[in-house]
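Trainee: Got a minute to walk me through this model? I'd like to know what I'm looking at before I go back to the bench.

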Amino acid sequence: MARFMLTSQARDAVGLLALAVVLLVVDLTITGHFHRNLALQAIIFAIAAVGLTLLLGFAGQVSLGQNAFVAIGAYALGNMVQKVGLHPLPALAVSTLLPAIVGYAVSRPILRLSGHYLALATLALGASAYIFASQWTSVTGGLDPGIVDLPKLALVPGLERDQLFTLAALCLLAVMGFSLLLVHSPVGRALQAICTSETVAAGAGIRVDRTKAAIFALAAAFAGLSGGLYALFMRSFNATSFSILLSIELLMMVIVGSLSTIWGALVGALLVVLLPHMLEHFEAAKLFIYGAIMTLVVMFMPNGLASTLFAGVNRLLRGDRAR
Amino acid sequence: MAFLLQILVSGILVGSIYGIAALGFTIVFNATRVINFANGEFLMVGGLATAMLAISGVGWMPTVVAVGAAIVATSLLGAAMQVLALNYSRSRDLHMLVMLTIGITLMLRGLASLVFGRDVLFVSDFGLFPSLVVGQVFIPAQGVWIVVALVLVSLGLWALFKHTMVGKAMQAASLEPRAASLCGIEPRRMALLSFVIAGAIGGLAGALMAPIAPPFYENGVMLGLKGFAAAIAGGLGNPMGAVIGGLLIGLIESASAGYGASGFKDAISFLLLVAILIVRPAGLIGKLEVKRV
């Protein structure tokens, strides 16, 4: 039993290493277009989901408007590359920073609200973002055509293989690493204090407003990065990608994954991306089965799939069966 | 002037639908403290069921029968939600229950696409009232039905919560479930009742709006959002607040559509709503709850 008692920091470090290995193996071995694209989608969504896990799971602030920041990220990249003529990498930096700034500006008034009222305010943000994406055609191209024909990512010229996967994997590792460090830092503990009680947190000397705004901006930045990568992945996209359903999917990833650990976002993203494809055979019933599985997970695994899985693995390692 | 009046009329019409949608949120919230995101799906199912039955319906008064059947269907749906899902949820945490309703929303969309197909269905006006033209203002016949329904339903709910033991028991069950059960109130039964009523109201609203907004299996999400927004804007838990919130959103939308920003009308109403919330964090006629730590 003692052999497996690692500190949570050490366990996360090992996990990060394992993730890097898995991503590398996937990058090298999976060559089929279809499976590669699925994995890539899961990675891209996971980046946004990690941000939402920090916001919802750790700071306890619900957001139903993450689609807004994904959209800003995607359109920033599209415009930077096509209209400004920026290289995709600095453009990706813009799609991370711009949502962070917008997120910070929006968060100051919005985060005065809490609970259902905050849910509504962020929902309004997400719904409005979709409307702007479909109506503000000079920037977004609207519903038709949207942004079309972004160049294929070629960071190392002359290299034939698909480089976006590697870039996305690196982004995910960076986001995970940063978030895990954050969770174990005093900021992470401050977030959990805020989640428990803002009054108590303030009493303990935590600057509640600033911390909340910062984490909101961080979640927005991750969502923006995810949006930028999404734009590079799709190369042509329109406003339909950024409806409020995207926010609900991200929320599902976090809930189905886990609220209490960053790792849950990976499990959730994988499930939400893969499930619809696994249900391909069911055609008409696809949407229903998808919804039913989501419902059952929330009903019977309220701690999330990831936490339930981890707990199961832990029990196996320790050798004591659930009695 | 006629233009302004026309905007007012259509704003009140649309707002009445949002108001009825908001009442469903209000009643479930009052009995359980849960925000039921699947509420918009009740309207969607109600509309589709009406359309389905009215199209294939034969014999006397097909519309009345269709609407009645739709209401029964959505009430059963509400009951099933509470009995099969929320009751069995491992977590009693409110946030998780809300998430559960989001999962059910996805499921109901899927179910509707299976049962009713993925086509937009059309329903003819209910009739009985004539369409009116007053001056230069057009008042559609279906609008009269909707406004009358809103008035009746909201008065009914107001009376239920203010003047009947059942209504008070529902509120007690959500505020202090333990104390309520000590007084002989069964919180689960109250929750069930609230879901059945919300389902019935949703079914009615869906049926009433079907002739002016053709039902489609994807409609539920937007109706849910608008209803939620209306319920919050007025102050959560207050039936009158829900109606006022709904009318307000309807008027803002129709005004912004009328004065040249039709594409942005939803965005304008949502953003104004957030502005209202920031100034009055507990809604237009709500009171702030003080929480002890």
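Mentor: Sure, and one definition up front: a residue is buried if 20 or more other C-beta atoms lie within 10 Å of its own, exposed if 12 or fewer, and partly exposed in between. Also keep in mind that this is a predicted model.

Trainee: OK, so what share of the residues of chain B count as buried?

Mentor: 54% of the 293 residues in chain B do. For chain A, buried residues come to 50% of 323.

Trainee: What is chain B built from, in helices and strands?

Mentor: Chain B has eleven helices and two strands. Reading from the N terminus, the order is α-α-α-α-β-β-α-α-α-α-α-α-α. The radius of gyration of chain B is 19 Å, close to the 19 Å that the globule rule gives for 293 residues, so chain B is as compact as a globular protein of that length. Its C-alpha trace spans about 60 × 50 × 35 Å along the principal axes.

Trainee: And how many helices and strands in chain A?

Mentor: Chain A has 14 helices and zero strands. Its radius of gyration is 20 Å, close to the 20 Å from the globule rule for 323 residues, so chain A is also as compact as a globular protein of its length. The box around its C-alpha atoms is roughly 60 × 50 × 40 Å along the principal axes.

Trainee: How much of the contact in chain A joins residues at least 24 apart?

Mentor: That's 76% of the contacts between residues at least 6 apart in sequence. For chain B, residues 24 or more positions apart account for 76% of the contacts with a separation of 6 or more.

Trainee: Switching topic: how many residues does each chain put into the contact between them?

Mentor: Chain B puts in 38 residues and chain A puts in 34. On the chain B side, the elements giving two or more residues are helix H4 (94–116), helix H9 (220–234) and helix H11 (265–279).

Trainee: Which one gives the most?

Mentor: H4(B), with 13 residues. By class, the side of chain B that touches chain A has 28 nonpolar, six polar and four charged residues.

Trainee: Now inside chain A. How do H4 and H10 cross?

Mentor: Helix H4 (residues 88–110) and helix H10 (residues 208–234) of chain A cross at roughly 145°, and their axes come within 7 Å. The crossing of H4(A) and H10(A) is right-handed. Residues meeting there include Leu92(A), Leu98(A) and Tyr104(A) from H4(A), and Phe216(A), Ala220(A) and Leu232(A) from H10(A). By class, that contact has 15 nonpolar, seven polar and two charged residues.

Trainee: What about H11 and H12 of chain A, at what angle do they pack?

Mentor: About 125°, with the axes of H11 (residues 244–257) and H12 (residues 263–278) 7 Å apart. Because of that angle, H11(A) is oblique to H12(A). H11(A) passes H12(A) in a right-handed crossing. Among the contact residues are Glu249(A), Met252(A) and Met253(A) of H11(A), with Leu266(A), Val267(A) and Leu271(A) of H12(A). By class, the contact of H11(A) with H12(A) has ten nonpolar, three polar and one charged residues.

Trainee: Any backbone oddities? Say, which peptide bond is cis?

Mentor: The one from Asp144(A) to Pro145(A), with omega near 5°. Pro145(A) sits in the loop between helix H6 (137–140) and helix H7 (164–184) of chain A. Asp149(A) lies in the loop between H6 and H7 of chain A too, and its phi is near 55°, a positive value in a residue other than glycine.

Trainee: Is Asp149(A) buried or exposed?

Mentor: Exposed, because Asp149(A) has 9 other C-beta atoms within 10 Å. Chain B has a positive phi as well: Arg33(B), near 65°. Arg33(B) lies in the loop between helix H1 (2–32) and helix H2 (39–56) of chain B. With 18 other C-beta atoms within 10 Å, Arg33(B) is partly exposed.

Trainee: Last one: where does Ala180(B) lie?

Mentor: In helix H7 (residues 177–182) of chain B. Ala180(B) counts as buried because it has 20 C-beta neighbours inside 10 Å. Leaving aside neighbours within four places in sequence, Ala180(B) is in contact with Ala172(B), Ala173(B), Ile185(B) and Pro187(B).

Note on methods
Residues are numbered from 1 along each chain as its sequence is written. Chains are lettered from A and ligands numbered from 1 in the order in which they are written. This is a predicted model: local features need pLDDT of at least 70, side-chain atom pairs count only at pLDDT 80 or more; totals for chains, interfaces and linings use all residues. Axes are lines fitted to C-alpha atoms, for helices over the stretch in contact, and angles run from 0 to 180 degrees between N-to-C directions. Helices (H or I, at least four residues) and strands (E, at least two) are DSSP runs, numbered from the N terminus. Angles under 35 degrees count as roughly parallel, over 145 as roughly antiparallel, 65 to 115 as roughly perpendicular and the rest as oblique. A crossing is left-handed if the near helix is turned anticlockwise from the far one by less than a right angle, and right-handed if clockwise. Two residues are in contact if their C-beta atoms, placed from the backbone, lie within 7 Å. Ala, Val, Leu, Ile, Met, Phe, Trp, Tyr, Cys and Pro count as nonpolar, Asp, Glu, Lys and Arg as charged, and the others, Gly among them, as polar. The radius of gyration is taken over C-alpha atoms; the globule rule is 2.2 Å times the number of residues to the power 0.38.
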